[in-house]
Amino acid sequence: MTLIYIYITIFTIYFVSLAVISLKHQTRIRDRYTSKDANLCVVVYASGNSNTLENLINQLKNQSYPKNNYTVYAILDKCENVSEVFLQTEKGVNVVNINNLEPVGKSQAYSIIAEKLQDIKDLDAYVFLDAKNYIESNFLENVNFYLQKYQVFNPVTIYLPENEDMTLTQKVKATYSKYCSNFITASRTRLGFTNIINTDAFIIKKDLLNKIACFDFRDVFSETEYSYKLAKENINVAQIQDLRVFDSIEKFDYRIPSLSKRFNLFTSNILKPQNMLSREFLFSLIAPNWLVCLISYILVLKHAYIFPFWVSYSTILITSIILLLAFCASLLNVGLKSKEYLYLLLYPIFSIGRLLYNFPPYRSVRNMIKQTTRKHVIESETVNVIVSDGKKDFPCQLVLISDDGLAKVTFNNKGKKYTTKNNHLRMIDAVRELTVKLADYGLTLKVCQCCKYFSPIVDGSTNMVKGSCNCQFQGRTPGDIIPTLIWNTCPKFEEQNVVNLF
């Protein structure tokens with residue numbers, strides 16, 4: 001019981017600190033800095049059926065920021081309804097088209113752009129935006145101001161209804177998101193703490209990105225890990241209140257990693273050497289939610305009332321009242337409308353319902369039902385390849401399979417089949433697993449991916465399965481680029497010592 005009381009007391013002090021800093025008047029940073037026009041690269045990521053991409057491109061082309069100081073790149077990651085030619089010719093956008101068996105994901109797509117533009121010297125910062133966002137005409141102008149102080153920062157996401165009316169659930173979610181943005185993350189920024197990076201919309205300086213290396217944004221938890229990585233470099237992720245992007249309430253997402261993953265990150269790193277910024281960030285990951293805090297105070301008060309305790313009952317009661325007053329103070333400057341206060345008070349009910357919906361036994365049954373009722377999306381392609389034992393070549397086949405976006409390979413040789421045991425996000429990794437397995441039997445898969453003359457072309461459309469041949473055969477025109485695929489082969493094949501990992 002002592003540990004519980006210490007835990008919630010520390011949280012009370014933390015929450016009171018947030019409430020106090022939120023009550024202080026803050027001068028906008030753009031009123032304190034002289035703007036100098038930075039050179040920006042705006043990267044828009046679109047995947048699947050992205051019907052809002054063209055609208056965002058139009059908003060970017062109509063910015064109040066000087067046109068010579070920013071360029072726009074559109075990453076089409078297996079985007080189904082967007083014309084690459086239209087964006088390049090009509091909109092003047094640099095297009096990177098990724099058209100693989102499945103989307104490579106935001107992390108890989110952003111890394112492609114960062115690597116492609118790494119050597120551009122006059123580039124100051126990247127502005128990464130998901131195609132689902134909407135922005136204001138002065139968005140880049142505001143970004144330029146805040147680059148004077150912060151190295152990486154998020155805009156505030158404002159959730160809007162797609163239709164004229166929102167349901168009660170949508171109103172509760174939108175209000176809760178507004179409260180968290182305008183109070184918790186805003187107060188943490190003012191205190192110099194770091195927030196979890198939001199990969200749907202963020203800005204990062206080019207020099208910092210080159211230092212921290214490539215992205216790794218698989219899910220919300222990987223965003224948390226990346227934020228911790230920045231904190232260890234003494235770099236805080238800020239949230240800027242007067243820098244806004246807009247999104248549909250239908251796409252509202254709870255950007256909170258699971259408690260188990262946050263706790264594992266805390267326990268695995270808390271004993272390691274830390275600076276103050278990263279240590280505070282780790283402790284913030286295990287901050288209790290409202291339900292845990294309420295139950296903890298009830299248990300401690302009940303225990304102190306019945307049994308002797310090292311802290312008096314009245315002290316515990318005063319601590320709980322202070323937390324309640326801090327919550328009331330937090331409502332003063334969050335900019336909620338009168339009805340929104342009611343929606344915020346309804347959030348605990350909604351939260352309990354969401355907790356019950358994700359309760360492990362019920363969740364397991366629900367997932368089992370989904371697995372038995374949903375259809376698997378399977379795509380496959382059969383290609384002819386050659387396998388060698390060092391003395392003789394044998395014609396064989398590869399079946400490249402994409403099962404719900406996960407890649408694996410089946411190897412056929414005279415009616416005998418072998419399928420890779422692991423599912424991979426990238427087809428190149430599935431082929432690599434097969435080549436390693438064949439090598440155990442003294443066999444070499446004679447495909448371009450294993451050839452020393454093969455090299456990937458680092459752009460969006462070639463990272464997964466495509467590349468170029470560098471063999472200087474007789475009659476080749478100097479400087480030309482001969483495209484090829486990872487499973488192609490030719491008589492000029494020469495095995496490389498190590499299979500390339502793209």
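Is Cys41 buried or exposed? In this predicted model, Cys41 is buried, with a relative accessible area of 1%. Cys448 counts as buried too, at 13% relative accessibility. Having a buried cysteine does not add up to a disulfide here, though: the count comes to zero. For Cys448, the nearest cysteine sulfur belongs to Cys490 and sits 6.1 Å away. A disulfide would need the two sulfurs within 2.5 Å, so Cys448 is in none.

Next, the nonpolar interior. In soluble globular proteins, nonpolar side chains tend to be buried together. The largest nonpolar core in the model has 37 residues, and those touching the most other members are Leu40, Val42, Val127, Leu129, Phe139, Val143 and Phe153. Both helices and strands feed into this core: helix H2 (53–61) and helix H5 (139–146) each give two or more residues, and so do strands E1 (40–48), E2 (70–79), E4 (125–130), E7 (201–205) and E8 (238–248). Phe139 shows what the packing looks like from one side chain's point of view. Leaving out residues up to four places away in sequence, Phe139 touches Val127 and Leu129, along with Gln63, Pro155, Leu243, Arg244 and Val245. Apart from the largest core lies another, of 30 residues, with Ile112, Ile113, Leu117 and Leu123 among them.

Two lysines are worth a look. Lys206 is found in helix H7, which covers residues 206–212. What does Lys206, a buried residue, have in the way of a salt bridge? None, as it turns out: the nearest side chain of opposite charge is that of Asp207, and it is 5.1 Å away. A salt bridge calls for a distance within 4 Å, so Asp207 does not make the cut. The side chain of Lys206 does have a polar atom 3.3 Å from the backbone oxygen of Ile120. Ile120 also turns up among the contacts of Lys206 beyond four places in sequence, together with Leu117, Gln118, Leu123, Asp124, Ala125 and Tyr126. Of these, Leu117 and Leu123 are members of the 30-residue core.

Lys171 is the other lysine, and it lies in helix H6 (residues 168–190). Lys206 is buried, whereas Lys171 counts as partly exposed, at 27% relative accessibility. With neighbours within four places in sequence set aside, Lys171 is in contact with Met166 and Tyr343. Lys339 is 168 residues from Lys171 along the chain, yet the C-alpha atoms of the two are separated by 9.8 Å.

Methods. Residues are numbered from 1 along each chain as its sequence is written. This is a predicted model: local features need pLDDT of at least 70, side-chain atom pairs count only at pLDDT 80 or more; totals for chains, interfaces and linings use all residues. Side-chain values use heavy atoms; hydrogens and water are left out. Helices (H or I, at least four residues) and strands (E, at least two) are DSSP runs, numbered from the N terminus. Buried means under 20% relative accessible area, exposed over 50%, partly exposed in between (1.4 Å probe, protein chains only). Lys and Arg count as positive and Asp and Glu as negative; His and the chain ends are not counted. A polar contact is a pair of N or O atoms within 3.5 Å; within protein, one must be able to donate a hydrogen and the other to accept it, and residues adjacent in sequence count only if both atoms are side-chain atoms. Contact means heavy atoms within 4.5 Å. A nonpolar core is a set of buried Ala, Val, Leu, Ile, Met, Phe, Trp, Tyr and Cys residues joined through side-chain atoms within 4.5 Å.
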